[in-house]
Amino acid sequence: MTTRDRADACPGAVQTHLAADGRLARVRVPGGLLTGPQLLALAQAAVDLADGALELTSRGNLQLRGLAEDAPPELARRLHGAGLLPSEPHETARNVVASVLSGRAAGGLVDARPVVRALDAGLVADAGLAALPGRFLVTVDDGRGDVHGLTGDVGLVAVDPDALALTLAGHETGLRAAPADAHRLVLRAAHAFLAEREAQRSRAWRVTELDDGPARVACLVGGSATPSAVPASDPPVGSVDQAGGLVALVGLVPLGRLTTAALDVLVQVTAALGSEVQVTPWRSVAVPDLPDEYVDDVATALHHAGLVFDAASPWAQVTACAGLPGCAKSRADVRADAARAVATGTLPVTGPQHWAGCERRCGRPAGSTDVLAVEDGYRIGAG
Ligand code: SF4
């Protein structure tokens, strides 16, 4: 069991973090869902106030880097205007990921989007839940198993079209609710986590960091905790057929960095179609609702802007922390080194690998092999 001796220090959009390349702001995007105007506001803020790009995080949130010391108030003003900062006290608590293309792609039992919206509204309306740690994660899975596999602290997974099951750190609780009510189960479980943390006089960031966390939190909400048998599934990459003859494109974003060029294309597409985008916890972006005749042009434009639509690409295997020059703790420019290894076909291992500039290994996905910068190069598989 991990013991924390301090509150988490996750950055937010208001509580920015001072990095080596300027202030870093993290904008929570519940469910990863962004309307066209929200994407435009973020893209403009990235150009006007930061380094021009948006970074995707492992929880489907977005970061702006290189902000000037006096930029955060203007960023907050713009985010408020775009509906991306509904409550400053809750800014780091709104960590909600949802199934990719839910309500659009085949296979889902429910549409996760209204569940996410109700959950987010309930969360920001509840003053007590502003105390949730920035590392606390909620997953809303439409039954396909994609985000359930991320083992959120509290989760919902659809088990039939009329019911979602409550999970705690990958354990089933035996509790279920209809789609319209399921968000209330999550809010109760979040309160139960905070109550159990208080009872244990703990500073835990995650349910599993509590003594017997899943079982005790489940007990507080009237359930029990048994290991989940819901199978995990891989997220989609490339084109995905939707109902009604529409198509979605899901593009990998190398190193999670959405450049100004890629943002320009995404903004144009969402403006032209009145659609939205979804950023995912796997550092990809989904562009839904494309009429068939637009798919090739949009895919080509996004490919030229750096997105990857081939699940077999080495980019599907590579993640990296910020490294130099963004992080002063780093021993190397890990992103440049990883990009060079991809370009030259010299990745040091096969399979998922996380390049990191120091032992903290920020942003490391579970199951990745470490490619850790050391004084004289990289060490593979360092724990
Ligand atoms: S892993 Fe280390 S070098 Fe990389 S971003 Fe985190 S603290 Fe910085």
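Asp370 is buried in this predicted model, with a relative accessible area of 4%. The side chain of Asp370 meets that of Arg364 in a salt bridge, with 2.6 Å from N to O. Arg364, for its part, counts as partly exposed, because its relative accessibility is 32%. Beyond such pairs, salt bridges with shared partners join Arg104, Asp111, Arg113, Glu276 and Asp289 into one network. The structure holds 23 salt bridges, and the points below describe some of them together with charged surface patches and selected buried residues.

**Salt bridges**

- Arg113 belongs to helix α3, which covers residues 112-124.
- Arg113 forms a salt bridge with Asp111, and the closest N and O atoms of this pair are 2.8 Å apart.
- The side chains of Arg113 and Asp111 are also joined by a polar contact of 2.8 Å.
- The two partners differ in burial class: Arg113 is buried, because its relative accessible area of 17% is under the 20% limit, whereas Asp111 is partly exposed at 27%.
- Both Asp111 and Arg113 are members of the network that also includes Arg104, Glu276 and Asp289.
- A further salt bridge brings together the side chains of Arg184 and Asp181, at 2.8 Å from N to O.
- In this pair, Arg184 is partly exposed with a relative accessible area of 48%, and Asp181 is likewise partly exposed, at 37% relative accessibility.

**Positive surface patch**

- Arg6, Arg135, Lys329 and Arg360 form a patch of positive charge on the surface.
- Lys329, one of these residues, is located in the loop between β17 (318-320) and α8 (334-343).
- Lys329 counts as exposed, because its relative accessibility of 52% is over the 50% limit.

**Negative surface patch**

- Negative charge gathers on the surface in a patch made of Asp241, Asp292, Glu293, Asp296 and Asp297.
- Helix α7 (residues 292-304) contributes the largest share of this negative patch, namely 4 residues.
- Asp296, a member of the patch, has its place in helix α7.
- With a relative accessibility of 59%, over the 50% limit, Asp296 therefore counts as exposed.

**Buried residues in a strand and a helix**

- Ser284 lies in strand β16, which spans residues 284-290.
- Ser284 is buried, because its relative accessible area of 3% is under 20%.
- The side chain of Ser284 makes a polar contact of 2.7 Å with the side chain of Thr280.
- Ala262 is part of helix α6, which runs over residues 260-273.
- Ala262 counts as buried, with a relative accessibility of 1%.
- Ala262 and Leu307 are separated by 45 residues in sequence, while their C-alpha atoms are 7.5 Å apart in space.

Note on methods: Residues are numbered from 1 along each chain as its sequence is written. This is a predicted model: local features need pLDDT of at least 70, side-chain atom pairs count only at pLDDT 80 or more; totals for chains, interfaces and linings use all residues. Side-chain values use heavy atoms; hydrogens and water are left out. Patches are made of residues with over 30% relative accessible area and no salt bridge: like charges are joined within 9 Å, nonpolar side chains (Val, Leu, Ile, Met, Phe, Trp, Tyr) within 5 Å. Accessible areas come from the Shrake-Rupley method with a 1.4 Å probe; for residues, only the protein chains shown count as cover. A salt bridge is a side-chain nitrogen of Lys or Arg within 4 Å of a carboxyl oxygen of Asp or Glu. Lys and Arg count as positive and Asp and Glu as negative; His and the chain ends are not counted. The place of a charge is taken as NZ of Lys, CZ of Arg, CG of Asp or CD of Glu. Helices (H or I, at least four residues) and strands (E, at least two) are DSSP runs, numbered from the N terminus. Buried means under 20% relative accessible area, exposed over 50%, partly exposed in between (1.4 Å probe, protein chains only). A polar contact is a pair of N or O atoms within 3.5 Å; within protein, one must be able to donate a hydrogen and the other to accept it, and residues adjacent in sequence count only if both atoms are side-chain atoms.
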